[in-house]
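Welcome to a short tour of a protein chain. Take a moment with the sequence and the 3D view, and then read on.

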Amino acid sequence: MDDTDPTMLRFLRPRKAEAYRAVEAGLADRSGSLCVRVCHDVLLRPLGQMVGVTAAPPEGAVIDDCEYVSVLEPAASAPARPGRTVYGGYMQRCWGHFLLGTTARLWWALRSANAGEWDRIVFVCEPGAPTALDGNYRLLLELLGIADRVEIVDRPTAFSRLIIPDIAYEHDVYYSSEMMETIGAIVRGAMSRGDSGADSPGEPRPIFLTRSRLPRARTYEVNSRELDRMMAANGYEVVAPEHMPLDRLIRLMRRAPEVVSVSGSLAHNLVFARPDSLLVIFDRGAINNVFQISISLMARQRPAMVDACQLPLVAPHSGRVFMYW
């Protein structure tokens with residue numbers, strides 16, 4: 001591999017590689033410059049996703065990655081929740097956005113120096129959305145040791161004291177070491193739960209993260225099972241992360257000498273891999289996945305990006321047909 005290319009983009013189509021480099025060049029490292037503000041007697045009102053809001057944000061706006069917005073208003077006569085509440089931002093239930101978006105404000109609360117400075121963490125969601133967490137969403141918060149102090153609200157709620165850390169990651173704008181502090185805490189929580197050798201006895205094997213068992217992917221991703229069979233025949237352990245507890249997945253990835261993934265939210269899990277592992281991403285579409293660029297920079301990783309798709313002759317209007325090739 002060409003060590004002069006930090007993201008191994010020589011494996012991508014030339015014009016696509018050029019576009020990736022342009023995105024990479026525009027990303028800022030905000031490590032050590034994040035701020036925290038404290039608001040008293042405020043009403044927190046979730047507004048949902050508002051595309052383009054960063055260009056003209058409403059008064060009192062608090063904006064998460066992917067332009068999810070809440071606004072702060074005077075509490076007025078609304079009864080305020082007592083105590084010290086950390087605003088966690090929007091609860092996003094797409095795994096990649098949850099992993100790096102929903103967790104992006106947690107860095108301040110996770111620092112040991114601030115352990116006694118807060119009572120709860122509140123996330124917001126759209127009205128009527130589930131306010132309970134299960135599966136790997138809850139497990140991630142358990143690995144951080146905060147699950148029992150997390151609440152999710154789906155309506156305007158007043159707080160006597162609301163602590164609002166900056167987001168530590170905005171996928172197409174900046175990244176920070178504070179985001180990696182949170183990722184590191186997740187990894188430590190996972191490693192403390194079991195022995196990696198007991199999870200996967202024998203010599204460590206390279207692993208391949210597959211999308212073939214995702215119900216939606218089965219409807220518009222062609223040849224995914226054939227890709228699984230090819231990887232298995234070449235000695236890879238084929239893993240569907242959504243069917244595995246997060247702590248075991250992390251231990252498996254930390255043990256693996258090589259981790260291969262197809263692009264998308266699935267590849268965001270590479271942030272858990274060892275720095276010295278060989279990382280490979282099979283790019284399954286023509287659209288640039290700018291999320292992974294900032295993740296790789298932030299985690300100081302150099303994944304090989306490999307074109308692995310054949311475009312249909314007639315593209316559907318949604319653009320959501322992927323043919324592995």
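A polar contact here is a pair of N or O atoms within 3.5 Å, where one must be able to donate a hydrogen and the other to accept it. With that in hand, look at Ser277: a polar atom of its side chain lies 3.1 Å from the backbone oxygen of Ala256. Please keep in mind that this is a predicted model.

## A serine and a histidine in one loop

Ser277 has its place in the loop between β13 and β14. Is Ser277 buried or exposed? With a relative accessibility of 9%, Ser277 counts as buried. Leaving out residues up to four places away in sequence, Ser277 touches Ala256 and Pro257, and Ala256 is the residue that offers its backbone oxygen to the serine side chain.

His268 is found in the loop between β13 (258-262) and β14 as well. The relative accessible area of His268 is 5%, so this residue is buried. A polar atom of the His268 side chain lies 3.4 Å from the backbone oxygen of Gly264. Beyond its neighbours within four places in sequence, His268 is in contact with several residues, including Gly96, Leu99 and Leu100, and also Asn289, Phe291, Gln292 and Ile295.

## The whole chain

Now step back for the overall view. The chain holds ten helices and 16 strands. How does its radius of gyration fit a compact globule? For 325 residues, a compact globule would have a radius of gyration near 20 Å, and the chain has 21 Å, which agrees. The C-alpha trace spans about 65 × 45 × 40 Å along its principal axes.

Of the 325 residues, 52% are buried. The accessible surface of the chain comes to about 15,000 Å², and carbon and sulfur atoms account for 53% of that surface. Among contacts with a separation of 6 or more, 73% join residues 24 or more positions apart.

## Aromatic rings and charges

How many aromatic pairs does a search of the whole structure find? It finds five. One of them joins Phe98 and Tyr137, whose ring planes stand at 80°, so the pair is edge-to-face. Phe98 belongs to helix α2 (residues 95-102) and Tyr137 to helix α4 (residues 135-143), so the pair ties together parts that are 39 residues apart in sequence. Phe98 and Tyr137 are both buried.

A tilted pair is formed by Phe208 and Phe282, with 45° between the planes. This pair also links distant parts of the chain: Phe208 sits in strand β10 (residues 207-209) and Phe282 in strand β14 (residues 278-283), 74 residues apart. Phe208 and Phe282 are each buried. Ring pairs also join Trp95, Phe98 and Tyr137 into a cluster.

Rings have charged partners here too. The charged end of Arg30 is placed over the ring of Tyr174, and Arg149 lies over the face of Trp118. The table collects the distances.

| Partners | Kind | Distance |
|---|---|---|
| Phe98 and Tyr137 | edge-to-face pair | 4.8 Å between centres |
| Phe208 and Phe282 | tilted pair | 6.2 Å centre to centre |
| Arg30 and Tyr174 | charge over ring | 4.7 Å from the ring centre |
| Arg149 and Trp118 | Arg over ring face | 3.7 Å from the ring centre |

## A valine beside the tilted pair

Val260 lies in strand β13. Its relative accessible area is 1%, so Val260 is buried. Which residues does Val260 touch, not counting those up to four places away in sequence? They are Ile207, Phe208, Leu209, Met231, Tyr236, Val280 and Phe282. Both rings of the tilted pair, Phe208 and Phe282, are therefore among the residues that Val260 touches. The C-alpha atoms of Val260 and Leu209 are separated by 6.2 Å, although these residues are 51 apart along the chain.

## An enclosed helix

Finally, turn to helix α10 (residues 290-299). Nine of its ten residues are buried, so α10 is largely enclosed by the rest of the structure. The buried residues are Val290, Phe291, Gln292, Ile293, Ser294, Ile295, Ser296, Met298 and Ala299. Of these, Phe291, Gln292 and Ile295 are also in contact with His268.

What covers the buried residues of α10? The cover includes α1 (14-25), α2, β9 (174-175), α5 (177-191) and β14. After α10 comes Arg300, with a positive phi near 55°.

Technical notes:
Residues are numbered from 1 along each chain as its sequence is written. This is a predicted model: local features need pLDDT of at least 70, side-chain atom pairs count only at pLDDT 80 or more; totals for chains, interfaces and linings use all residues. Side-chain values use heavy atoms; hydrogens and water are left out. Rings of Phe, Tyr and Trp (its six-membered ring) pair if their centres lie within 6.5 Å; planes under 30 degrees apart count as stacked, over 60 as edge-to-face and the rest as tilted. Helices (H or I, at least four residues) and strands (E, at least two) are DSSP runs, numbered from the N terminus. Buried means under 20% relative accessible area, exposed over 50%, partly exposed in between (1.4 Å probe, protein chains only). A charge sits over a ring if NZ of Lys or CZ of Arg is within 6 Å of the ring centre and within 35 degrees of the ring normal. The radius of gyration is taken over C-alpha atoms; the globule rule is 2.2 Å times the number of residues to the power 0.38. Contact means heavy atoms within 4.5 Å. Accessible areas come from the Shrake-Rupley method with a 1.4 Å probe; for residues, only the protein chains shown count as cover.
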